Amino acid sequence: MTNRFDDTPPVETDSSKKTVASSRVRMNELVMPNDTNPLGKLMGGILMQWMDVCSAISAQRHCNRNVVTVAVDSVEFKNAIDLGEVVVIEGEVTRTFNTSMEVAMQVWAENLRTGERRLCTTSFYTFVAVDADGKPVPVPKIIPETDFEKERYEQAEERREMRLHISKQNEDAHRRRNRDKE
């Protein structure tokens, strides 16, 4: 991701102009006592909720529709986030498929006293656009512009295949479990 949020254009409704940059979202949250565990660290579930909101806004900005979360890829908490720090959450659509979108997420912690900023987690979220009845609907194609965006766009196909493979394994295991209970 870049730090070009000042240049992020208003929500684009022309489906021929749906760039990665136009889907970009940055949110900031202050870690309050109610958000922390007994060690004064941000609880993972709270962070995941904030990430889900940020990534959903990015997906909605891209498709101009309601979206639902379908998958979250390996959220790994690399650095703890302390009470009183600012959490900077950034998301952008990396690739679209028929009705789904992959959103790349990055999370930093910022200590306002020292100015230190550290990367805490990265992840990919998958959303499906839905109509008023909750039925999947097609989404516009995403337009990657930079070399980095183009590379990540190409890699998204492999990540999607892995997600679908894992989903199939989970379905098979669930079916076997239910069959064994009978």
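**Charges and rings: worked exercises**

Arg175 is partly exposed, its relative accessible area being 47% (buried is under 20%, exposed over 50%, partly exposed in between; 1.4 Å probe, protein chains only). The model is predicted, so local features need pLDDT of at least 70 and side-chain atom pairs pLDDT 80 or more, while totals for chains, interfaces and linings use all residues. Residues count from 1 along each chain as its sequence is written, and side-chain values use heavy atoms, without hydrogens or water.

**Exercise 1.** Find the salt-bridge partner of Arg175 and place the pair in the fold.

*Solution.* Step one: look for a carboxylate. The side chain of Arg175 meets that of Asp172 in a salt bridge, at 2.9 Å from N to O (Lys or Arg side-chain nitrogen within 4 Å of an Asp or Glu carboxyl oxygen). Step two: locate them. Arg175 and Asp172 both sit in helix 2, three residues apart, which means about one helical turn between them (DSSP runs: helices H or I, at least four residues; strands E, at least two; numbered from the N terminus). Step three: check the surroundings. Asp172 is partly exposed at 22%, and Arg175, at 47%, is partly exposed too.

**Exercise 2.** Take the bridge between Asp82 and Lys41 and work out which parts of the chain it ties together.

*Solution.* Begin with the distance: N to O, the two side chains are 2.4 Å apart. Now trace the backbone. Lys41 belongs to the loop between strand 1 (25-30) and helix 1 (44-63), and Asp82 to the loop between strand 2 (66-73) and strand 3 (86-96), so the bridge joins parts 41 residues apart in sequence. Finish with accessibility: Asp82 comes out at 26%, partly exposed, and Lys41 at 28%, also partly exposed.

**Exercise 3.** Decide whether Arg163 and Asp73 are buried or exposed, and say how far apart they are in sequence.

*Solution.* The closest N and O atoms of this salt bridge are 2.9 Å apart. Arg163 is in helix 2 (residues 147-181) and Asp73 in strand 2, so to speak two distant parts of the chain, 90 residues apart. As for accessibility, both Arg163 and Asp73 are buried.

**Exercise 4.** Count the salt bridges, then name the residues of a linked network.

*Solution.* The total comes to 13. For the network, pick out Arg24, Glu92, Glu149 and Arg152, which salt bridges link together.

**Exercise 5.** Classify the ring pair Tyr125 and Phe127.

*Solution.* There's one aromatic pair to deal with. Its ring centres, in Tyr125 and Phe127, are 6.4 Å apart and the planes make 15 degrees, so call it stacked (Phe, Tyr or six-membered Trp rings, centres within 6.5 Å; under 30 degrees stacked, over 60 edge-to-face, the rest tilted). Accessibility adds that both Tyr125 and Phe127 are buried.

**Exercise 6.** Say which rings have Arg117 and Arg159 over their faces.

*Solution.* Arg117 goes with Trp108, lying over its face at 5.1 Å from the ring centre (Lys NZ or Arg CZ within 6 Å of the centre and 35 degrees of the ring normal). Arg159 goes with Phe124, over the face at 3.9 Å from the ring centre.

**Exercise 7.** Describe Met105 and how far Met105 is from Asp82.

*Solution.* Met105 is part of strand 4 and, with 2% relative accessibility, is buried. Between the C-alpha atoms of Met105 and Asp82 there are 20 Å in space, for a separation of 23 residues in sequence.
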